[in-house]
Amino acid sequence: MHRITGIFSAKGGTGKTTFVLNFASALHEFGKDVIMIDCDVDNSNLSLHLGLYDFPLTLQDVMAGDTNFLEAVHVHSSGLRIVPAAITLRDYKISLERLRDMLKKLKYHFIIDTPPGMGDDVTSLMSICDDIIVITQPDIPSLADSLKSIQRARDLGKMVKGIVVNKTEGKNELSLSDIEKVC
């Protein structure tokens, strides 16, 4: 089954990457064919969370046309599959708009780790997703930025499938019911 799920948060540091890893791990355990894609090309670290530091092919190589998508898939010892972004800055600019055309030919569930913010790259990624999940924290700045992600999804005619409240401590934070009402 072909599916693209994007994990979004306009605010950085909310735990998108950790969620991507846990979500992909859970789907993998249930026998789903999952490939994680690190689309935070300016500040990639999804591969670093898996202890992967050296890889000859990255998302940048795929998007530059230097290799095909499946050649850039790296398999972790856990069985998780990832297309990493380069962990160093590279000279070429890439456009992620072509990504959907590459992925639609493949029968995997793709989970996209997206950059923070609301720039053109985030909008392009949001437009190619079948499912959108927004990550927030139980504080007003995070919630305000989450509303921006939700509104952008709506502007694109997309429905947010879920909102994950991350980094809860139980004190001095918004309640889940308040977050639900606002969103």
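The radius of gyration used here is taken over C-alpha atoms, and the globule rule is 2.2 Å times the number of residues to the power 0.38. The model is predicted.

**Exercise 1.** Work out what the radius of gyration of the protein chain says about its overall form.

*Solution.* Start with the chain length: 183 residues. For that length, a compact globule would have a radius of gyration near 16 Å. The protein chain has 16 Å, so the value agrees with a compact globule. Next, take the extents: the C-alpha trace spans about 45 × 35 × 35 Å along its principal axes. Finally, look at burial: 46% of the 183 residues count as buried.

**Exercise 2.** List the helices and strands of the protein chain in order.

*Solution.* Count them: the chain holds 7 helices and 7 strands. Then read from the N terminus: β-α-β-α-α-β-β-α-β-α-β-α-β-α.

**Exercise 3.** Place aspartate 42 and decide whether it is buried, partly exposed or exposed.

*Solution.* Find the element: aspartate 42 sits in the loop that runs between strand S2 (34-38) and helix H2 (46-49). Its relative accessible area is 54%. Exposed means over 50%, so aspartate 42 is exposed. Now add its partners: Asp42, Glu97, Asp120 and Asp121 form a negative surface patch.

**Exercise 4.** Do the same for isoleucine 87.

*Solution.* Isoleucine 87 is in the loop between strand S4 (81-83) and helix H4 (99-103). Its relative accessible area is 39%. Partly exposed lies between the 20% and 50% limits, so isoleucine 87 is partly exposed. Together, Leu48, Tyr53 and Ile87 make a nonpolar surface patch of about 290 Å².

Methods. Residues numbered from 1 in each chain as written. Predicted model: local features only at pLDDT ≥ 70, side-chain atom pairs only at ≥ 80, totals over all residues. Heavy atoms only, no water. Patch = residues over 30% accessible without salt bridge, like charges linked within 9 Å, V, L, I, M, F, W, Y side chains within 5 Å. Areas by Shrake-Rupley, 256 points an atom, 1.4 Å probe, with all protein chains shown as cover. Salt bridge = Lys/Arg side-chain N within 4 Å of Asp/Glu carboxyl O. Lys, Arg positive; Asp, Glu negative; His and termini not counted. Charge placed at Lys NZ, Arg CZ, Asp CG, Glu CD. Helix = DSSP H or I, 4+ residues; strand = E, 2+ residues; numbered from the N terminus. Buried < 20%, exposed > 50% of the residue type's maximum accessible area, 1.4 Å probe, protein only.
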